[in-house]
Each structure stands twice: as C-alpha cells, then as structure tokens.
Number of protein chains: 2
Amino acid sequence: MMIRKGRLLTPGPTQLLPSAQLAMAGATMHHRTAEFRALYSKVLADLKVFVGTGNDVILLTSSGTGAMEASVANLTSPGDKVMVVSAGKFGERWEGLAKSYGLNVDVVRSPYGETVTVQQVREKITAEHKVLFMQATESSTGARHDVEGIARFLQGSNTLLVVDAITGLGTTRFNIDAWGVDIIIGGSQKAVMVPPGLAYCAVSERAWQRMETTKNPRYYFDLRKERKNGAKGEASYTPATALVAALSSAMDYLRDQGGGDLAAGRELLINNAEIAAAMVRAASNAMGLKIFSASSPCAALTAITAPPGIDSSDIVKGFRNQFGSVIANGQGEMKGQLFRIAHLGYYDYADTIAAIGALEHVLAGLGHKLELGSGLRAAQEVYAQRA
Amino acid sequence: MMIRKGRLLTPGPTQLLPSAQLAMAGATMHHRTAEFRALYSKVLADLKVFVGTGNDVILLTSSGTGAMEASVANLTSPGDKVMVVSAGKFGERWEGLAKSYGLNVDVVRSPYGETVTVQQVREKITAEHKVLFMQATESSTGARHDVEGIARFLQGSNTLLVVDAITGLGTTRFNIDAWGVDIIIGGSQKAVMVPPGLAYCAVSERAWQRMETTKNPRYYFDLRKERKNGAKGEASYTPATALVAALSSAMDYLRDQGGGDLAAGRELLINNAEIAAAMVRAASNAMGLKIFSASSPCAALTAITAPPGIDSSDIVKGFRNQFGSVIANGQGEMKGQLFRIAHLGYYDYADTIAAIGALEHVLAGLGHKLELGSGLRAAQEVYAQRA
C-alpha cells in the first residue's frame with residue numbers, strides 16, 4: 001500500500017495554486033474599504049490582460065453559468081431569435097438558458113465529440129438572429145470549436161457573438177478584439193487555478209449598446225450596473241472577497257512566470273496545457289485508446305473513450321480508490337463511455353506523467369491489454385521533443 | 001515550456017503534509033496555557049506510539065542534531081570512553097559531537113556506502129565503552145545499519161545504545177524496547193512531514209539513571225528537566241508552538257490513514273517508503289545506474305552513483321531547472337559523485353513515478369545513454385507487484 005494524495009485531475013475545479021490558497025486564507029478584508037477597492041480594480045485590470053482585450057471585464061460572484069445567464073439576460077428580449085452552436089452538454093446549456101428567457105432558439109448541432117463548422121453556421125444563420133451563443137471548448141467532449149472562424153464570419157452582421165470560454169481561457173489563443181467577440185466568459189475554478197465562485201466576462205462596446213434596449217429581466221446579473229461600480233473598484237453586491245484575493249494572487253503568479261509580463265505568463269499556461277495534452281494523447285494511442293474528439297481536440301482536457309467492455313465509471317473509481325485522484329466521467333449521454341483528464345491550469349510534467357502511469361495501472365487492473373510503461377514511453381518522447 | 005512546481009525530493013526537509021501546513025498557519029496559542037498543555041501532552045503521547053515504545057518521549061525545539069547533542073551531553077562525563085559507528089557524514093557527526101564534549105572516542109568505521117556489522121562492533125568494544133552512538137539509516141549514503149543486531153549484542157552490557165533514527169523513524173521497523181535501544185532520535189522534517197525545528201527522542205530507564213551521575217554540561221538540552229516538565233504538558237523553554245500543532249496534525253493524519261490506529265498509519269508510511277524505494281531502484285537498474293549502497297539500502301532514500309563522466313551536481317541542477325524539483329547531491333567527499341532521492345514521508349505513487357520520469361530526461365540531456373521510458377516501465381512493474 002502507498003499513501004494516496006488527493007489530486008483533482010478534473011477540467012474544473014482544478015488543482016489549486018498554493019500561493020492563491022494562502023492569499024485566500026489570509027483575506028479578511030471588508031469589501032467597502034479602500035483596501036478592497038484597490039484589490040478589485042487591480043484584479044479587473046489583470047483580467048483584461050489575461051483575456052487579452054481592451055474591453056471592460058466584469059467579475060461576478062457566481063459559477064460560470066451565472067455569467068452565461070448574464071449574457072442571455074442582458075443581451076436579449078423575450079421572443080428574440082438567437083442561434084446556439086451545440087455539440088455537447090454545455091452547448092445544450094446555452095439552449096436551456098435561452099429557452100428559459102423566452103427566446104426563439106435555433107440550434108446548429110453536431111454530434112458529441114465533433115465540432116461545428118463555419119459552413120454549418122453560414123447555412124442556418126439569418127439577419128434575424130440577434131445573438132449566437134457557443135463554446136470555445138466543449139468540456140463535455142474535449143472538442144475545440146472554431147471561435148475565430150465564426151467570429152470573422154459574423155463580423156459586420158447584426159448578430160452578437162457570445163463565447164463560453166470557461167475552459168477555453170488559458171488553454172486557447174484568442175484575439176477577441178480583432179475577431180469581434182462580444183462577450184467571452186471565464187471561471188475561477190479553471191485555468192486560473194483558484195476555487196469555484198467567481199466568473200468573469202469581457203464585454204464589447206457593441207454589446208453594451210445592445211443592453212440599452214433589451215428587455216429581459218436582470219438584477220444580480222445586471223452587467224451595466226457591475227460595469228459602473230467596477231469602474232470605482234466595487235462590486236454591486238457583496239463579492240467573494242477571499243476568492244478575489246486568490247485570483248489576484250494567481251494573476252501575480254502568472255505575471256511572475258512570464259518574467260513580469262502577465263500575457264507571457266498566460267502564454268506559458270497555454271503551452272503547458274498543449275504539451276500536457278500531447279503527452280496524454282500520445283500515451284493514449286500507445287495504450288490502444290481512442291481520443292473521443294480526435295478531429296478537433298482542445299488543450300483544456302482530453303476525453304478518452306473507454307475500451308470495449310470497460311465502463312468508464314470503473315476507470316474513474318480506479319483513479320480515486322487506487323491513487324486518490326479525481327478524473328471526470330463522461331457527462332450526460334456519455335456517462336460510462338468516456339473519461340476526461342484535465343490539462344488546464346496548475347498541472348506540470350510530474351502531474352501529467354503520473355496521471356498516465358496511474359491510467360496504465362487502472363486499465364490493466366480492469367483487464368485492458370497493455371504493456372506497462374508503453375503509454376509512459378510515448379509521453380516521455382513527446383515531452384523530450386516539445387518541452 | 002511547462003509549469004514547474006517546486007517539490008522537495010530531498011531526504012529532509014521533505015514534502016509537507018497540507019493539513020499540517022494549515023494547522024501550523026492557524027496556531028496562535030500561547031505556550032503557557034491549558035490549551036497548549038493539552039496539545040503538547042497529546043503530541044508526546046502520539047510520538048510514543050509513533051516510535052513504538054513505552055519509554056518517555058522528549059520533544060526539543062531544535063534540529064535533529066540538537067537531540068544528538070542532548071544524548072551526548074546527558075549520558076556522558078568528560079573523558080568517558082565511547083564508541084561511534086561511522087560509515088558516512090552523519091556517523092562523522094557523532095564523532096565530532098563526542099569529541100567536542102571531551103570524550104575518548106573509538107570509531108568502528110566502514111567505507112561510505114557500506115554498513116557496519118555486529119562482528120566489527122564485537123571486535124572493538126570493551127566494558128569500558130559507556131555509550132555506543134550509531135545511525136539507523138545513514139542519510140549521506142542511503143545505507144541501513146543493523147540496529148537490532150547491535151542492540152541485541154549490547155544487551156546486558158554496560159554500554160548504552162543511542163540511535164540517530166532521524167531518517168530511520170517512519171521508514172524502518174523498530175522494536176526498541178525489546179531490543180534495548182536507550183535513546184532513539186527523530187526529527188520533524190523527515191517522515192513526519194512537517195518543517196524543520198523539532199527533534200524528539202525516546203529515553204530508556206537505564207538512560208535516565210545514567211543521567212543522575214554524568215557530569216557533562218547541559219542546560220537547554222537537559223533531558224531530565226524536559227521529562228519533568230513534559231509530564232505536566234510543558235516544555236522547559238518556549239517551544240515552537242506552530243510546529244507542535246503541525247506535528248499533532250501529522251500524527252492525526254497517520255492515525256486516520258491507519259483506520260484510527262497510529263501504529264498502523266506508521267506501518268503504511270514504512271510500506272510506502274519501501275515501495276517507492278523499490279520503484280526507484282528498479283528504474284535505476286533499468287537505466288544502467290548503480291545504487292550507491294546496494295549491499296544494505298535503506299527505504300528512507302536512494303543514493304545513486306552518477307554515471308561515468310557526469311557530475312551529480314549537474315543532475316541536481318537539471319532537476320531544479322527543468323522540473324522545479326530539489327533532489328540532494330552527495331555530501332562531503334561524495335559531492336559530485338552521487339545524488340539522492342527521498343522516499344520518507346509524504347510521497348505517493350505519483351511523486352515517485354514523476355521523479356523517475358524526470359530523472360530519465362535529466363540524464364538523457366546530460367548524454368547518458370538510455371531508452372526513454374525504460375526506467376518508468378521497470379517502476380510500473382514493481383508497483384503492479386507490490387502495491
């Protein structure tokens with residue numbers, strides 16, 4: 001028997017940054033003080049750099065879904081025609097959200113594990129669609145959607161583009177101002193390495209203008225109110241102060257890793273996820289496993305199809321019981337059929353190679369034929385070439 | 001480029017237990033309060049179970065060397081004849097300590113990397129030797145000495161036995177009461193997973209009696225005074241309260257891991273170190289490396305000889321620069337010739353397999369011929385058989 005340390009290898013919540021944990025533990029500020037206003041303003045400025053935008057960034061005390069709801073509530077009026085790009089559970093969340101706000105929803109759908117092309121959008125979209133909602137990376141399948149392609153296609157049209165990049169930010173390169181992304185959404189429990197509880201979004205001028213006339217109800221998620229208060233270093237309602245302190249610390253860590261340049265730190269984070277993803281994919285191939293979204297895999301996580309005859313729930317259990325590590329099962333209709341290993345945020349070489357080693361033992365224990373060490377060797381070769 | 005997390009793979013200080021870190025951060029007690037007395041008494045009782053002894057345990061705010069000095073100062077008088085078992089840097093520390101207290105020191109010596117046999121002791125020892133000082137595990141070479149053999153040989157003689165088990169406790173099975181070990185010494189920064197600053201030792205009745213007549217000076221390290229105060233839950237001088245809180249938390253962790261039985265938790269810790277050591281040794285052999293103390297390796301750490309033409313300092317640097325991990329160089333005359341990877345304390349499968357993967361990359365980068373993955377495969381096979 002060996003010691004089993006608890007590790008989160010899930011695509012959110014992710015492994016915590018120790019310095020952020022300490023900042024969180026030490027945060028005893030009141031939120032209506034000059035001290036907190038300075039911290040809040042600093043975090044909002046940092047997030048602009050992290051997102052890579054000149055647009056204002058709004059911070060919300062909510063899960064990422066709260067910011068998704070804020071986009072729907074602020075940008076639409078009941079009966080508005082909108083389009084949703086859907087190829088997984090989070091695409092379906094856009095559908096559900098849009099319907100709950102009384103919108104007239106058209107869906108461009110691809111099967112789980114695939115992506116939605118610009119061509120598919122082109123065939124369905126009309127001038128009547130007020131907003132297009134999509135994911136940058138579909139966390140339920142590990143697929144990456146073509147944000148740049150769809151954004152550039154929509155440029156000049158009347159359709160606003162809202163991108164859930166909750167697992168996309170920090171794992172994918174975006175140039176949202178040049179491409180014309182109107183709202184992009186992130187969450188604290190993802191690549192930015194702190195616990196759940198904060199969402200953030202960058203909002204374009206075009207989106208702010210749209211909010212002047214839209215009629216759907218919003219109160220807690222009123223983005224214009226947050227923008228006004230944010231300019232003074234305040235949140236409209238009591239913010240999760242300790243999480244704000246943690247997020248500030250995580251931004252400092254990335255700036256430090258980037259040699260004083262937060263954007264360079266974000267680039268390291270993306271490179272890191274890409275190398276980890278490449279290691280896990282090479283290992284999976286060597287072990288005879290199939291990457292679920294092989295045609296367009298994202299770097300945030302890898303979704304792997306369970307081998308024939310093995311329930312992915314047993315792979316998840318094996319990780320937890322034998323190694324103390326939490327990986328993610330398939331979601332929705334994919335439960336039992338695939339498992340997901342995260343690369344977004346605070347994972348390094350050691351975390352990645354160890355996850356691969358554990359996967360070999362778990363699969364071998366479940367009867368999957370593999371040579372111990374074969375996945376590890378493939379991952380070592382990727383690391384030697386790329387790192 | 002990937003993120004590089006800092007990891008201590010050194011045989012002390014070792015990786016910290018997170019719950020102990022939190023206990024340490026939260027410890028704001030005054031040391032002359034009922035609250036702290038209860039904590040101190042609890043830790044002393046826990047340490048008795050951890051050491052596996054009916055003897056009183058003394059806690060000192062010092063490094064392990066402080067408890068070594070306490071043994072010398074309390075058990076001897078100037079001019080006393082003593083024996084030291086020495087086959088490495090820490091054996092030499094006993095020599096230096098004994099000489100600094102005016103003792104007449106005989107040394108039973110073996111070369112670095114080897115052990116000292118009972119027969120060697122038998123050939124040199126006489127009734128005049130008041131104390132024999134030895135290591136359980138020689139951290140500078142990775143060798144394990146025969147504590148049981150030497151203890152049983154000394155039974156019934158007038159020679160007290162003092163064992164530096166600073167890296168031995170929690171990595172080696174001892175039955176000190178049955179064998180007749182008069183003082184055994186541990187340190188907080190080793191298998192018990194907290195930072196440096198506390199030493200502990202278990203003292204036999206025979207040793208307490210000896211202290212009644214010995215004449216060497218002692219004040220801060222006066223063990224009889226600590227025993228008296230310890231019985232009331234107090235330390236004689238201001239103790240490192242936060243470290244005591246951390247140590248208490250570490251004992252709770254081990255008790256919890258042992259299903260409510262601290263001794264079973266210690267057994268898990270020993271098994272853990274043994275499996276990690278076996279993984280690293282199998283990997284080393286597969287990579288064409290030589291274990292430095294192959295004849296009698298301990299489980300606390302593995303000392304590995306640097307391949308011909310490679311300076312072990314470059315291996316240490318590679319770990320730090322490429323992976324953020326700290327491994328230990330050779331000490332004293334062994335610097336540059338060997339490197340040491342720890343197994344004692346809070347290391348699990350993931351830490352161990354990742355250290356092996358990193359070692360492959362570091363050695364390959366320094367020109368050592370190896371097939372990437374060969375060490376990992378060997379370690380995977382050991383784990384599959386033993387864990």
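# Notebook: two chains and their sheets

**Entry 1, the helix pair.** I began with helix α13 (residues 349–365) of chain A, which packs against α13(B) at an angle of about 110°, the two axes lying 8 Å apart. That angle makes α13(A) roughly perpendicular to α13(B), since 65 to 115 degrees counts as roughly perpendicular. I should say at once that this is a predicted model. I also looked up the hand of the crossing of α13(A) and α13(B), and it is right-handed.

Which residues make this contact? From α13(A) I noted A:Tyr349, A:Ala350, A:Ile353, A:Ala354, A:Gly357 and A:Ala358. From α13(B) I noted B:Tyr349, B:Ala350, B:Ile353, B:Ala354, B:Gly357 and B:Ala358. Sorting the contact of α13(A) with α13(B) by class, I found 10 nonpolar residues, two polar ones and no charged ones.

**Entry 2, the whole contact.** Next I stepped back to the contact between the chains. I found 32 residues from chain B and 32 residues from chain A in it. On the side of chain B that touches chain A, α11 (262–286), α13 (349–365) and α14 (374–386) of chain B each supply at least two residues. Which helix gives the most there? My answer is α13(B), with nine residues. By class, this side of chain B holds 19 nonpolar, six polar and seven charged residues.

**Entry 3, how the copies are related.** I then looked up the superposition of chain B on chain A. A rotation of 180° does it, with 0.0 Å of shift along the axis and an RMSD of 0.0 Å. The two copies are therefore related as by a two-fold rotation axis. Which C-alpha of chain B is nearest that axis? I found that of B:Ala354, at 2.8 Å from the axis. I was glad to meet B:Ala354 again, as I had already listed B:Ala354 in the contact made by α13(B). The same surface serves both copies, with 100% of the contact residues of chain B recurring in chain A.

**Entry 4, the sheet of chain A.** Here I traced an open sheet of seven strands, with mixed pairing and the order β2-β10-β9-β8-β5-β3-β4 in chain A. At its edges I found β2 (56–61) and β4 (104–109) of chain A; each has a single partner strand, so one side of each is left without a neighbour in the sheet. The twist from one strand to the next averages 20°.

Inside this sheet I looked at strand β5 (residues 131–135) of chain A, which runs parallel to strand β8 (residues 160–164) of chain A and is joined to it by five bridges. For one residue I wrote down the partner: A:Met134 stands opposite A:Val163 in β8(A). I also found helix α9 (residues 223–230) of chain A lying across β2 and β10 (198–203) of chain A, at about 105° to β2(A).

**Entry 5, the sheet of chain B.** In chain B, I read seven strands in an open sheet, ordered β2-β10-β9-β8-β5-β3-β4, and the pairing is mixed. Its edge strands are β2 (56–60) and β4 (104–109) of chain B, each pairing on one side only. Neighbouring strands are turned by 20° against each other on average, direction ignored.

Last, I checked what packs on this sheet. Helix α4 (residues 89–100) of chain B does, touching β3 (81–86), β4, β5 (131–135) and β8 of chain B. The direction of α4 makes about 160° with that of β3(B). I also followed strand β8 (residues 160–164) of chain B to strand β9 (residues 183–187) of chain B: the two run parallel and are joined by three bridges. Here B:Asp164 has B:Ile185 as its bridge partner in β9(B).

Conventions: Residues are numbered from 1 along each chain as its sequence is written. Chains are lettered from A and ligands numbered from 1 in the order in which they are written. This is a predicted model: local features need pLDDT of at least 70, side-chain atom pairs count only at pLDDT 80 or more; totals for chains, interfaces and linings use all residues. Two residues are in contact if their C-beta atoms, placed from the backbone, lie within 7 Å. Ala, Val, Leu, Ile, Met, Phe, Trp, Tyr, Cys and Pro count as nonpolar, Asp, Glu, Lys and Arg as charged, and the others, Gly among them, as polar. Two strands pair if DSSP finds at least two bridges between them. Axes are lines fitted to C-alpha atoms, for helices over the stretch in contact, and angles run from 0 to 180 degrees between N-to-C directions. Copies are superposed by least squares on the C-alpha atoms of residues with pLDDT of at least 70 in both. Angles under 35 degrees count as roughly parallel, over 145 as roughly antiparallel, 65 to 115 as roughly perpendicular and the rest as oblique. A crossing is left-handed if the near helix is turned anticlockwise from the far one by less than a right angle, and right-handed if clockwise.
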